[in-house]
2 protein chains.
Amino acid sequence: MLARVGTMRARARFYVAAALTTAINAVQILDGRATAKAIRAELGAEVASIQKTHGVTPGLGVLLVGDRRDSLTYVRMKRKAADEVGIFSSDVTLPASASEDDVLEAVSKLNADPQIHGILVQLPLPSHIDESRILETISPNKDADGFCYENVARLVLRGGPRPLATACTPAGCVELLQRYDIPLAGKRAVVLGRSNVVGAPVAALLQQCDATVTLCHSASENVPDIVREADVVIAAVGKPEYVRGSWLKPGATVIDVGINAVDDATKKAGYRLVGDVHFDEASQVVSAITPVPGGVGPMTIAMLLSNVVNLTKASVGLPMAPLPGRLADKV
Amino acid sequence: MLARVGTMRARARFYVAAALTTAINAVQILDGRATAKAIRAELGAEVASIQKTHGVTPGLGVLLVGDRRDSLTYVRMKRKAADEVGIFSSDVTLPASASEDDVLEAVSKLNADPQIHGILVQLPLPSHIDESRILETISPNKDADGFCYENVARLVLRGGPRPLATACTPAGCVELLQRYDIPLAGKRAVVLGRSNVVGAPVAALLQQCDATVTLCHSASENVPDIVREADVVIAAVGKPEYVRGSWLKPGATVIDVGINAVDDATKKAGYRLVGDVHFDEASQVVSAITPVPGGVGPMTIAMLLSNVVNLTKASVGLPMAPLPGRLADKV
Ligand SMILES: NC(=O)c1ccc[n+]([C@@H]2O[C@H](COP(=O)([O-])OP(=O)(O)OC[C@H]3O[C@@H](n4cnc5c(N)ncnc54)[C@H](OP(=O)(O)O)[C@@H]3O)[C@@H](O)[C@H]2O)c1
Ligand SMILES: NC(=O)c1ccc[n+]([C@@H]2O[C@H](COP(=O)([O-])OP(=O)(O)OC[C@H]3O[C@@H](n4cnc5c(N)ncnc54)[C@H](OP(=O)(O)O)[C@@H]3O)[C@@H](O)[C@H]2O)c1
């Protein structure tokens, strides 16, 4: 009897606690996988329409130097996604020993190829090759990753022509926020990490969306206090579960860009993927968060396809779709 | 007798108050005029040395379209400063009615002129002319203002080649901070204003100096609270005495970029110049501040000359001087 009362009490406590948790913090999972799928469906329709009206199939040229396992995986995923929306893709593979001139020549060929509307050089390149020189060789109007000087500058400049393409991971972060109607204008955004591919361009995009952006990096002091001010946190640091729940403002939104493999003997692969944010802790505090995997990753690939479709449109004189960040104003 | 005691008391009160003010807040005035003079002297010596070793005189081409009074004043000041350090300067003046093609042609001529190492197009241009198109026509290695895509992108990108020139007002702000040994690495910097010529590039430069930068603009909420977090405040808003003393963290450093004319019947001109910061209030709180005028203004012109000397050095194969922000690492 006593035991039964104890059980009932425990059960009651559980239900009350659960109800309270729900009331206090109903966290929304920002589903990158589902959102990316919806975007791919939209892009598929656009591709079909361009084919119909202009007889042109968008083409993506992917240049891979060497045989890094992660790069091979990424390239395969990108090709699969391109196939799905009807983008023609063509792979150029060079050995890790290729010279800088070999790589430059391959880029020039893709620049000249009328079937190719977007060129992607899979990074990182082998260390003997000057990455910035290769990226500068890509024609700005085939720059599927938005990494060339002209597109980088157009992104950070106010007014003037919009970039022809925007770095894919940053665009994916902002597109996800926009599709979930997370307000940005006037809000405080804290970006952790300032790399050329993620941190710096996502800060620029958020600022174009009228957020007040603070950019943190490895030299920043008091990072937890800074994160605590943020309505929106973008974590792109590369440190597993670095951002703790106690750092976050209740009700904030978290975009976790990090993809880190940590040892896990319970998994077949011997590891599992975690983000730069401690998901379980954060979920108790914030109002919305991306999972890892299934958050920013799929969005990145969807934005690559979106860039290729946009570049194709520009090449046939069709208006480009609005970029995330309402940069459409710039057109 | 009573009167005398009263006077003595008042005097004593004055001395105690003065001593307290000094003890509590000895504010350092960041003297842009003196610093710019020192920089001009350094540049004068460099110009003489380039003439001696390479037989080349640095040349600045200034293109002015129309006859705005403020623009005429700026152009005159720049020419005078160039003269002082031995930079040859050549003015091209077009009427306000000049067509975009006329302006493009004038820029192309300066691009081709071997006597010219730096080109400055005085902004703003008349509204019928596409500013970004004109700026893009300036050859990146004659881009005295650092406004072209290539130099803008090189400034914001980490790694890769350094910009050939950096926007002058931002460079002046950071150079002044560096010459006064104000620490930036790890510190919080708040930039008010995000224009292409001041706010955005000064934020990029501060970040390259490892500051943690927050960029505010007209849509930012709670600006006073954000300013209160800052170790270094850069105000570039264009609103007279907008930043109040109560917004500032005790001991902070303030760089006031604003130049605003406010009515003042006691002045011969009928107005006086004030910054974007309430100087008297701020001086009670901060540890260092620039005056207006005599702060950022003279530094801006000194940095223009520095850009021209650097571009000349690059053109003859001499190493460029370090840019502010230790971007020298990029060379
Ligand atoms: N989901 C996707 O599609 C996708 C795409 C790209 C990358 N990623 C993942 O995102 C993460 C970041 O990638 P990345 O390419 O940007 O990495 P990265 O190039 O290594 O840059 C990491 C950045 O984090 C900064 N940082 C280091 N410690 C920090 C700290 N304690 N606080 C704040 N910032 C700190 C670094 O600062 P310094 O500049 O001072 O060194 C650097 O700017 C990685 O986990 C990567 O796998 C995911
Ligand atoms: N000392 C020098 O050599 C020098 C050189 C250049 C300029 N200046 C002076 O510096 C000032 C700024 O020049 P500018 O060319 O950058 O001006 P601008 O192009 O008019 O830009 C002003 C910036 O301030 C932002 N802003 C407006 N209200 C704000 C607020 N309440 N809080 C925070 N930011 C706000 C604007 O935001 P939005 O982007 O949202 O509109 C904009 O980005 C002017 O006084 C100018 O005369 C001095």
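**Exercise 1.** Work out how many residues each chain gives to the contact between chain A and chain B in this predicted model, and how much area the two chains bury.

*Solution.* Start with the residue lists: chain A contributes 31 residues, and chain B contributes 31 residues. Next, turn to area: about 2800 Å² is buried between chain A and chain B, with 53% of it on carbon and sulfur atoms. Then look for the top contributors on chain A: A:Tyr149, A:Arg194 and A:Asn196 provide 22% of the area this chain buries against chain B, more than any other three residues.

**Exercise 2.** Find the salt bridges and polar contacts across the interface, then describe the side of chain A that touches chain B.

*Solution.* Begin with opposite charges. Six salt bridges cross between chain A and chain B. For one pair to check by hand, take A:Glu221 and B:Lys187: their side chains come to 3.3 Å, N to O, which passes the 4 Å cut-off for a salt bridge. Now widen the search to polar contacts, and you should reach 20 residue pairs, both residues at pLDDT 80 or more.

Which elements of chain A give two or more residues to this side? They are α6 (149-156) and β6 (212-216). Helix α6(A) has the largest share, six residues. Sorting the side by class gives 13 nonpolar, nine polar and nine charged residues.

**Exercise 3.** Determine how β6(A) and β6(B) are joined, and in which direction they run.

*Solution.* First count the bridges: there are three between β6(A) and strand β6 (residues 212-216) of chain B. Then compare directions: these strands run antiparallel. Finally, locate A:Thr214, and you will find B:Thr214 of β6(B) opposite.

Conventions: Residues are numbered from 1 along each chain as its sequence is written. Chains are lettered from A and ligands numbered from 1 in the order in which they are written. This is a predicted model: local features need pLDDT of at least 70, side-chain atom pairs count only at pLDDT 80 or more; totals for chains, interfaces and linings use all residues. Side-chain values use heavy atoms; hydrogens and water are left out. Contact means heavy atoms within 4.5 Å. Buried area is the accessible area (1.4 Å probe) that two parts lose on being put together, summed over both. A polar contact is a pair of N or O atoms within 3.5 Å; within protein, one must be able to donate a hydrogen and the other to accept it, and residues adjacent in sequence count only if both atoms are side-chain atoms. Helices (H or I, at least four residues) and strands (E, at least two) are DSSP runs, numbered from the N terminus. Ala, Val, Leu, Ile, Met, Phe, Trp, Tyr, Cys and Pro count as nonpolar, Asp, Glu, Lys and Arg as charged, and the others, Gly among them, as polar. Two strands pair if DSSP finds at least two bridges between them.
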